[in-house]
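Here's a quick round of questions and answers on a structure. Have a look at it first, then read on.

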Amino acid sequence: MNAALLPATLDAIATLIERGDLAAAERRAQSALQTLPPHAEVWRLLAITQMQRGQFDAATRSLQQAQRLDPRSVEVLCNLASVEFHRGRIEDAMRALEHALTLAPGHIGALNNLGRLRHQLGDYVGAAQCFERSLRVDPNRAETWFDLANASASLHQWDAAESHARRGLSVAPRSADGWYVLGYLYERQGKLEDALQPYRNSMELSPRPHTAHNLALVLEQTGQWQEAAQMMEHALRLEPAMYSALSHLAHTRRRLCDWKGLDELGARLLAAVDADADGIGPFAMLAENSTPAQQLRCAHMFARQFPHMARQEESSLAIPASSSLRVGFVSSGFNQHATGLLVVELIERLRGSNLTTVAFATTPADRSALRQRLVRAFHEFHDVAPQSPEAIAQRIRDARIDVLIDVDGYCMNSRPRIFALRPAPIQVNWLAYPGSLGAPWYDYLIADDCVIPAGQRAHYDEKIANLPRCYQPTDTTRTVSAAPAREALGLPAQGFVYCCFNATWKITPQSFALWMRILHAVPGSVLWLLDESPGNGVVERLRGAAQRAGIDPQRLIFAPKTNHDDYLARYRRADLFLDTNPYNAHTTASDALYTGCPVLTRPGDTFASRVAASLNRQIGLDELVVADDEAYVALAIELARQPARVEALRARLRDPAARARLFDMQAYADDFAALIERMAERARAGQPPQDISL
């Protein structure tokens, strides 16, 4: 065959590739190699067909032949980079692209692909430089502007990121990618209302599962729970194996108390965890009927998304033998938030210890009195909300932190990537997340021997540092004001008042069924719950469920959200707090006991199901920790029929000696400081972390 036929042959092969007829394209390329003079482009097109068919070894060999014939071909180098990328050889792919750019410094494809690889590896500055170079060559490529916006966002350069996204949208106003990027930028900054319309625009232009998922998350955070659940369902119709959407759908349906089909959703989640599926949120699993082993397995899979930074050289991680340990606390809750309420007095009292406490607040200041109190309590307070995880990790290194405590774990707004970067010699999981984080960069988990009994120890990766008391602190400087009359709170003048002011997602159909049995057995009693989000139909669903159980729906009384002082005063009008399972009351149980309201709980095997038991045990109300559901129902009924017994329980909660067992925050602070010192002593002695009990 004559070489003059080469252009037509190359066009024919390229056309077949564009049509997706890869088998025919490969046959035509193989035939050309037999009949035409050797040519790099034939080998390159053959490699493309092989790549698209997943034949990466064959594609590599074909590209090597192309490179031998044309060693200066930038296109061959770009294709080699693609093959290496698909084989998981990211560094080799980057080298191929860098070589291509030495031959053609302005090659847009090489610049953009190298930028995306650098972004994937966390080199956001290098990624941005590639995209900027590309845009100098062609400023009208919208997708490059969107890539640059993403790189700028990863550097927390929010104004620049928005400017880049809008520049791209000016070029391509109907780009679903562009609107998605803009929505993502707003979401990352916490500008949730601003994020809604860009995400909706993206969905209208091109409905994709990840856009639907992100839109659902924003809808949920802005209180639009029903629309959020519908959007999660949409995401799952588009991609049934999107387990992040599945876990969020289950959690949102729990928030809505929309229990239809919930057992099936939970079973799908547990099966996905057992199959090591990616994307499942560990926090959502805590409310499912999961075992400690499954919760750990879920945490393992979740932690895999973060780059595992090996420990730095021992010299850089050594704790100096100084007179004061520098202890960092990283949290999104250093505001008017449950976390802030739990820790503020502890931090104040640690000022009398040998610890220097340093806060790293990852959410913007809310200007509340509690925020100001926290700022005063810590020796040093760093507002790092606008900064990237990498920048925060460097701030922590610069602050010479010896022991770094993750107060958030995998809760909302947590920043686990900071800890994956290993900025401190000792890293600790404590307080907000009731379980193991399943990641090798956490050395210890602070707990107690009730929330993690010996029989469940194997399901926690961290070394366990046990306090000799309940692991949960609180603020005992709070005063509890007198409560209004029952009628002013919407309660009947007479009758036993059961309450549960837990978040609605903790109320399972199983817990609710037990409550209905209790109400049925105690005429005139009422159940006082929290109306967490008016307008989402929760009140109507729960009253409907009560009616189907044969209970007058008006016996469910709903309290609106209010300020903290008035919330605490409500417990003065409640007779007994009924706990939930498998996720207990945590802060709310502590609040109830603090105000003198007894808490009835039935612990399970998981950390999240044992917190109320730990609180009760510490304050001396062991008889309110029961073994099973039948005992829970029976005791709740007995107490309603024995008002003197309830009053005796309340009197015990008022007794200063009993209260001191749980609410002596100076003793807690002393034990906490001693536990941190024990961790540091081992590190200074060159010993690895181990389980510690005081």
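**Cavities and a sheet**

Q: In this predicted model, how many nonpolar, polar and charged residues are in the lining of the second largest cavity?
A: The lining is made up of Ala272, Val273, Asp276, Ala277, Gly279, Ile280, Arg297, Cys298, Met301 and Phe302. Gly counts as polar here, while Asp and Arg count as charged. Sorted by class, that comes to seven nonpolar, one polar and two charged residues.

Q: Which element gives the largest share of the lining of the second largest cavity?
A: Two elements give two or more residues to that lining: helix H16 (262-274) and helix H18 (292-303). Among the lining residues are Arg297, Cys298, Met301 and Phe302. The largest share is four residues, and the helix that supplies it is H18.

Q: What is the volume of the largest cavity?
A: The structure has two cavities of 30 Å³ or more. The second largest cavity holds about 50 Å³ of space. For the largest cavity, the volume is about 70 Å³.

Q: How many charged residues are in the lining of the largest cavity?
A: Start with who's there: Leu286, Pro292, Gln295, Leu296, Tyr433, Pro434, Gly435, Ser436, His459, Tyr460 and Phe607 line this cavity. Only Asp, Glu, Lys and Arg count as charged, so His goes with the polar group. The split is seven nonpolar and four polar residues, and the number of charged ones is none.

Q: Which strands are the edge strands of the open sheet?
A: Eight strands make up this sheet with parallel pairing, in the order E3-E2-E1-E4-E5-E6-E7-E13. An edge strand here pairs on one side only. That picks out strand E3 (380-383) and strand E13 (692-693).

Q: Which residue in E7 does leucine 445 stand opposite?
A: Leucine 445 falls within strand E6 (residues 444-447), which runs parallel to strand E7 (residues 463-466) and is joined to it by four bridges. Its opposite number in E7 is isoleucine 464.

Q: Which residue in E6 does valine 428 stand opposite?
A: Valine 428 falls within strand E5 (residues 426-429), and E5 pairs with E6 in the parallel sense over two bridges. Across from this valine in E6 is tyrosine 444.

Q: Are Tyr444, Leu445, Ile446 and Ala447 of E6 buried or exposed?
A: Tyr444 and Ile446 point one way from E6, and Leu445 and Ala447 point the other way. Buried means under 20% relative accessible area. Whichever way they point, these residues are all buried.

Key: Residues numbered from 1 in each chain as written. Predicted model: local features only at pLDDT ≥ 70, side-chain atom pairs only at ≥ 80, totals over all residues. Heavy atoms only, no water. 1 Å grid on protein atoms, 1.4 Å probe; cavity = no way out; pocket = protein on both sides within 12 Å on 5 of 7 lines; lining within 4 Å. Points joined across faces, edges and corners; volume = space filled by probe spheres on them. Pairing = 2+ DSSP bridges. Buried < 20%, exposed > 50% of the residue type's maximum accessible area, 1.4 Å probe, protein only.
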